[in-house]
Amino acid sequence: MKTIEECRLALDRLSENLAKADGDLRSAAALDRSLSCRITDLDITFVGRLAQSRIKDVTTVPGPPPERAQIRLTMASDDLVAMVEGQLNFAKAWGTGRVKLEAGLLDLLRLRSLL
């Protein structure tokens, strides 16, 4: 199990990776949406905003998110860190239920190139 700080660093690294992306990947990340990332084993949620190809204004709240974000991720701390480090394929983790992604249909279609 990773720590809250390790998860926060992973989200920061993901944000940096999105900002450096180009082409279709960059346009997919150019959404302006509320975002939550629920870390089940730590019983916390990171909430923020995906805007201008970055994850911004991230705060940590205990338990489930206080409001329903437009893009919602749910996973264990080890899976978050492993995905950002390239050790876990998102599609495989999503397909096996290790990672959950909830969003509107149009957002899912745009996000597919990120994932």
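## Accessibility and overall make-up

A residue counts as buried under 20% relative accessible area, as exposed over 50%, and as partly exposed in between. R98, with a relative accessible area of 45%, is therefore partly exposed. The model is a predicted one.

The chain has 115 residues, of which 41% are buried. Its accessible surface comes to about 6600 Å², and carbon and sulfur atoms account for 52% of that area. Five helices and five strands make up the secondary structure, in the order α-α-β-β-β-β-α-α-β-α from the N terminus. Among contacts with a separation of 6 or more, 59% are between residues 24 or more positions apart.

## The sheet

The five strands form an open sheet of mixed pairing, ordered β3-β2-β1-β4-β5. β3 (54-62) and β5 (100-103) are the edge strands; each has a single partner strand, so one side of each lacks a neighbour in the sheet. On average, neighbouring strands are turned by 15° against each other, direction ignored.

Strand β2 (residues 44-51) pairs with β3 in the antiparallel sense through seven bridges; T45 has V61 in β3 as its bridge partner. β1 and β4 are parallel and share five bridges, with L73 in β4 as the bridge partner of C37. β4 and β5 run antiparallel and are joined by four bridges. Across this pairing, R72 stands opposite E102 and I71 opposite A103.

## Helices on the sheet

Helix α1 (residues 4-20) packs on the sheet and touches β1 (33-39), β2 and β3. The direction of α1 makes about 165° with that of β3. Helix α3 (residues 77-84) also packs on the sheet, where it touches β1 and β4 (71-75). The angle between the directions of α3 and β4 is about 110°.

## Burial and surface

β4 is mostly covered, with four of its five residues buried. In β5 the side chains alternate: L101 and A103 point to one face and are buried, whereas K100 and E102 point to the other and are not.

L105, L106 and L109 make a nonpolar surface patch of about 340 Å². L105 belongs to helix α5 (residues 105-111). With a relative accessible area of 63%, L105 is over the 50% cut-off and therefore exposed.

## Salt bridges

Side chains of opposite charge can pair when their charged atoms come close. Five salt bridges are counted in the model, and three of them are described here.

R8 and D12 form a salt bridge at 3.5 Å, N to O. Both residues lie in helix α1, four residues apart, or about one turn of the helix. R8 is partly exposed at 26% relative accessible area, and D12 is partly exposed at 32%.

R49 and D32 meet at 2.7 Å, N to O. This salt bridge links distant parts of the chain: R49 is in strand β2, and D32 is in the loop between α2 (23-28) and β1, 17 residues apart. R49 has a relative accessible area of 31% and D32 one of 42%, so both fall between the 20% and 50% cut-offs and count as partly exposed.

D79 and R98 meet at 2.5 Å, N to O. D79 lies in helix α3 and R98 in the loop between α4 (90-95) and β5, with their positions 19 residues apart in the numbering. Here the two partners fall into separate classes: D79 is buried at 9% relative accessibility, while R98 is partly exposed at 45%.

Notes
Residues numbered from 1 in each chain as written. Predicted model: local features only at pLDDT ≥ 70, side-chain atom pairs only at ≥ 80, totals over all residues. Heavy atoms only, no water. Pairing = 2+ DSSP bridges. Helix = DSSP H or I, 4+ residues; strand = E, 2+ residues; numbered from the N terminus. Axes fitted to C-alpha atoms, helices over the stretch in contact; angles between N-to-C directions. Contact = heavy atoms within 4.5 Å. Buried < 20%, exposed > 50% of the residue type's maximum accessible area, 1.4 Å probe, protein only. Areas by Shrake-Rupley, 256 points an atom, 1.4 Å probe, with all protein chains shown as cover. Patch = residues over 30% accessible without salt bridge, like charges linked within 9 Å, V, L, I, M, F, W, Y side chains within 5 Å. Salt bridge = Lys/Arg side-chain N within 4 Å of Asp/Glu carboxyl O.
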